[in-house]
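Visitor: Please take one part of this structure and go through it closely. I would like a connected account rather than a list.

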Amino acid sequence: TRVLQMCLPQQDATLAAMADVVAAVAVLGATVGTSGNPDYAASAYEGLEGGSGDGSEGLSPQDMDELRRLISSLPHMAVEDLSVAWPVLAGCSAVALLVGFAWLLLIRFLAGLMVWITLFGLAAADGVLCWWLWTRQQAMKADVRYGEEGDFTSQADAAYISFFVFVSLGAIYVLLVLCFRKQIQLAARALAVAALAVGQLP
């Protein structure tokens, strides 16, 4: 008893708060899995007979929602998200599988062409990105907000710097492709043989 008094100097208030938490957990255990609505949980909590016994008003809907977030563990939240997003995940997985098979099929018959298309496609994507950054920063610098608003000015300057960064990266990438073109051709042939071997597997 003396130890309990030292640990809980206000036993009545502590026990009342624990009773609120236990009641809230009991209600949330029945409502989170069904509706997940904090207003519904709060109304169910208010319907409990007796309450905490100290005349308090109980937990507000905001408190109930916060308590639900604390009680719901990460795996439980992951299961809730998967139960909602599984059609999108399944569709994306199916599309990725089909694209992978189509890529292997194209590599099998057009290995060299597909490799070069991929390499030049990356260079073209970098060029498009550089063009967009240049036009974007020009439009932002021509805007009246440039120099007046700090965030807008920072974004324009960041786009300007990013343009030169991606131009440099693109130039280095093109030079590397040109310097290693013979090795790339050998790699394309090896890739064609590997794709043929994968296609013959049972």
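Guide: In this predicted model, helix α5 (74-109) and helix α6 each supply at least two residues of a nonpolar patch. The patch lies on the surface, covers about 590 Å² and is made by L105, L106, F109, L110, L113 and I117. Of the contributors, α5 gives the most, with three residues; L105 is a patch member that lies in this helix.

The other contributor, α6, spans residues 111-142 and also packs against helix α7, residues 150-179. The axes of α6 and α7 are 8 Å apart, and the angle between the two helices is about 155°. Angles over 145 degrees count as roughly antiparallel, and α6 and α7 are therefore roughly antiparallel to each other. Their crossing is left-handed. Sorted by class, the residues in the contact of α6 with α7 are 19 nonpolar, four polar and three charged.

To return to the surface, α6 thus has two roles here: with α5, α6 supplies residues of the nonpolar patch, and α6 also packs with α7.

Notes: Residues numbered from 1 in each chain as written. Predicted model: local features only at pLDDT ≥ 70, side-chain atom pairs only at ≥ 80, totals over all residues. Heavy atoms only, no water. Axes fitted to C-alpha atoms, helices over the stretch in contact; angles between N-to-C directions. Helix = DSSP H or I, 4+ residues; strand = E, 2+ residues; numbered from the N terminus. Parallel < 35°, antiparallel > 145°, perpendicular 65-115°, else oblique. Left-handed = near helix turned anticlockwise from the far one by under 90°. Nonpolar A, V, L, I, M, F, W, Y, C, P; charged D, E, K, R; others polar. Patch = residues over 30% accessible without salt bridge, like charges linked within 9 Å, V, L, I, M, F, W, Y side chains within 5 Å. Areas by Shrake-Rupley, 256 points an atom, 1.4 Å probe, with all protein chains shown as cover. Salt bridge = Lys/Arg side-chain N within 4 Å of Asp/Glu carboxyl O.
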